[in-house]
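Colleague: Before I rely on the assignments in this predicted model, I would like to go through them with you and hear what each one rests on.

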Amino acid sequence: MPQTDEARAAALVAGMSTIERAGVVVMGHAPGTDPAPLVGLLESGPQGLILMGDNIAADPDAQRLVSDAVASSATPAPLIAIDEEGGDVTRLPWDGLPSARELKGADPSAVTAAFDARADLLGAAGITVNFGIVADVPPDEGSFIFSRAYGTDPEIVADAVRAAVAGEGDRILSTLKHFPGHGAASGDSHSSIPTTDETYVEWLGSDAVPFAAGIDEGAELVMVGHLRFTGVDERPASLSPEWYRILRDDLGFEGVAVTDDLGMLTSSGEAAYADPVANATSALGAGADLVLTVVGASAEEHARIVDGIAAATERGEIPADRLAEAAERVMTLRLAADPGE
């Protein structure tokens, strides 16, 4: 009987050194469409790549060449991710498909159709992960996330989230964001740590609902935001063991928990989160499987983060089995996404 991806991932990770495992759990960014620096980034430590606007080529065929060069740099291929929500957050200029702006209150079949077509675009471009399904429930039109969300009612948003995951199907790895919910915590996490006093019980009946729906539909990743729910934990959710426990134990999520860009946390202005290496090690220790770093990150900083994770593991600050667990989850996704494997 053939091995499952999980069993193969465990075997691969078992044969890795600590520094190799640390690289598996870091996703970084390098600018430009020249494949050489992108591959060079991966060779320097981090084993995942997020494409931003500056990585997008002139057309789908040219983009596929970039992605193929990155994919061929390792076996199984690295995860290649993008934020492709449509509308306000569109990286591919040829994605004119409906976004949350047009799909608020629409029949879920319209959301499914949009994300089915979007998955085709991403697949044709050689992209394997979409950080593209907004599960936030903003309170009203005044929220900064409102234009990117599917409504202000948890059940309506849940229907749209479920439909988006179904639309992407098994061609693209789907990501729900921004757990535990950007709508409840007011403010923009690109420049602050939005905070709410919403309790766990209140959260269960509101912001949790779309995330539970997307998880039940089979989303492979959940992006954990830099959001502070003081009724649950004073720490940002991305660094909170309790929020990762809730995600696993209460919502039953078994996939990859990825942080929102840790560069945003560094940019919050809070001195406690000024060190990107400490943020990455804290996130992994808390329960993240994949740490994402984009804003302000250089090739040197990516390497420092990988080295810092390895060093923290060697010192026992991150339990060795926690790093192995995270690496196995990420490697399982890489195996699932790599058609050559």
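Colleague: Where is F131 found, and why does F131 count as buried?

Modeller: F131 is found in strand β4. Buried means under 20% relative accessible area, and F131 has 0% relative accessibility, so F131 counts as buried. F131 is also among the residues with the most contacts inside the largest nonpolar core, together with L176, F179, L247 and I309. In space, F131 lies 9.6 Å from D260, C-alpha to C-alpha, although 129 residues separate the two in sequence.

Colleague: How many residues has the largest nonpolar core, and which helix gives the largest share?

Modeller: The largest nonpolar core has 82 residues, and its largest share, 8 residues, comes from helix α14 (residues 320-337). A second, separate core of 17 residues includes L38, L41, L92 and I127.

Colleague: What does L176 touch, leaving aside residues up to four places away in sequence?

Modeller: Contact means heavy atoms within 4.5 Å, and by that criterion L176 touches I133, V161, V165, F211, G214, I215, A219, L221, V222 and M223.

Colleague: What makes β9 and β10 the edge strands?

Modeller: The 8 strands form an open sheet in the order β9-β7-β5-β4-β3-β2-β1-β10, with parallel pairing. Strands β9 (256-259) and β10 (291-292) each pair on one side only, and these are the edge strands.

Colleague: How do you know that β3 and β4 pair, and which residue stands opposite A81?

Modeller: Pairing requires at least two bridges between the strands, and β3 (residues 79-82) and β4 (residues 129-134) have 2 bridges in the parallel sense, so the criterion is satisfied. A81 stands opposite V129 in β4. Helix α7 (residues 154-168) packs on the sheet, where α7 touches β4 and β5 (173-179), and the direction of α7 makes about 160° with that of β4.

Colleague: What supports the pairing of β7 with β5 and with β9?

Modeller: Against the requirement of at least two bridges, β5 and β7 are joined by 3 bridges and run parallel, while β7 and β9 pair in the parallel sense over 4 bridges. T175 stands opposite L221 in β7, and the bridge partner of M223 in β9 is V258.

Colleague: What makes you say that both faces of strand β7 are covered?

Modeller: In β7 (residues 221-224), L221 and M223 on one side and V222 and V224 on the other are all buried.

Colleague: Why is helix α12 described as largely enclosed?

Modeller: Of the 11 residues of helix α12 (residues 276-286), 8 are buried, so α12 is largely enclosed by the rest of the structure. The buried residues of α12 are P276, V277, N279, A280, T281, A283, L284 and A286. What covers them includes α10 (241-250), β9, α11 (262-266), β10, α13 (299-315) and α14. Helix α10 has its own buried residues, namely W243, Y244, I246, L247 and R248, and just after α10, G252 takes a positive phi of about 70°.

Colleague: Which peptide bonds around H178 and P180 are cis, and where are these two residues placed?

Modeller: The bond from K177 to H178 is cis, with omega near 5°, and H178 is in strand β5. A cis peptide bond also joins F179 and P180, with omega about 5°, and P180 is in the loop between β5 and β6 (195-196). Most peptide bonds are trans.

Colleague: How many cavities of 30 Å³ or more does a search of the whole structure find, and what lines the largest cavity?

Modeller: The search finds 2 cavities of 30 Å³ or more, and about 60 Å³ of space lies in the largest cavity. The residues that line the largest cavity are E85, G86, D88, S99, A100, R101, G132, V134, S147, R148 and Y150. Both α5 (100-103) and β4 supply at least two residues of this lining.

Colleague: What lines the second largest pocket, and which helix gives the most to its lining?

Modeller: The second largest pocket has a volume of about 330 Å³ and is lined by 15 residues, of which E6, E254, G255, T332 and L333 lie nearest its centre. Helices α1 (5-14) and α14 each supply at least two residues of the lining, and α14 gives the most, with 6 residues.

Note on methods. Residues are numbered from 1 along each chain as its sequence is written. This is a predicted model: local features need pLDDT of at least 70, side-chain atom pairs count only at pLDDT 80 or more; totals for chains, interfaces and linings use all residues. Side-chain values use heavy atoms; hydrogens and water are left out. A nonpolar core is a set of buried Ala, Val, Leu, Ile, Met, Phe, Trp, Tyr and Cys residues joined through side-chain atoms within 4.5 Å. Buried means under 20% relative accessible area, exposed over 50%, partly exposed in between (1.4 Å probe, protein chains only). Axes are lines fitted to C-alpha atoms, for helices over the stretch in contact, and angles run from 0 to 180 degrees between N-to-C directions. On a 1 Å grid over the protein atoms alone, a cavity is a set of points where a 1.4 Å probe fits but cannot get out, and a pocket is an open set with protein on both sides within 12 Å along at least five of seven lines; lining residues have an atom within 4 Å of a point. Grid points are joined across faces, edges and corners, and a volume is the space filled by probe spheres set on the points.
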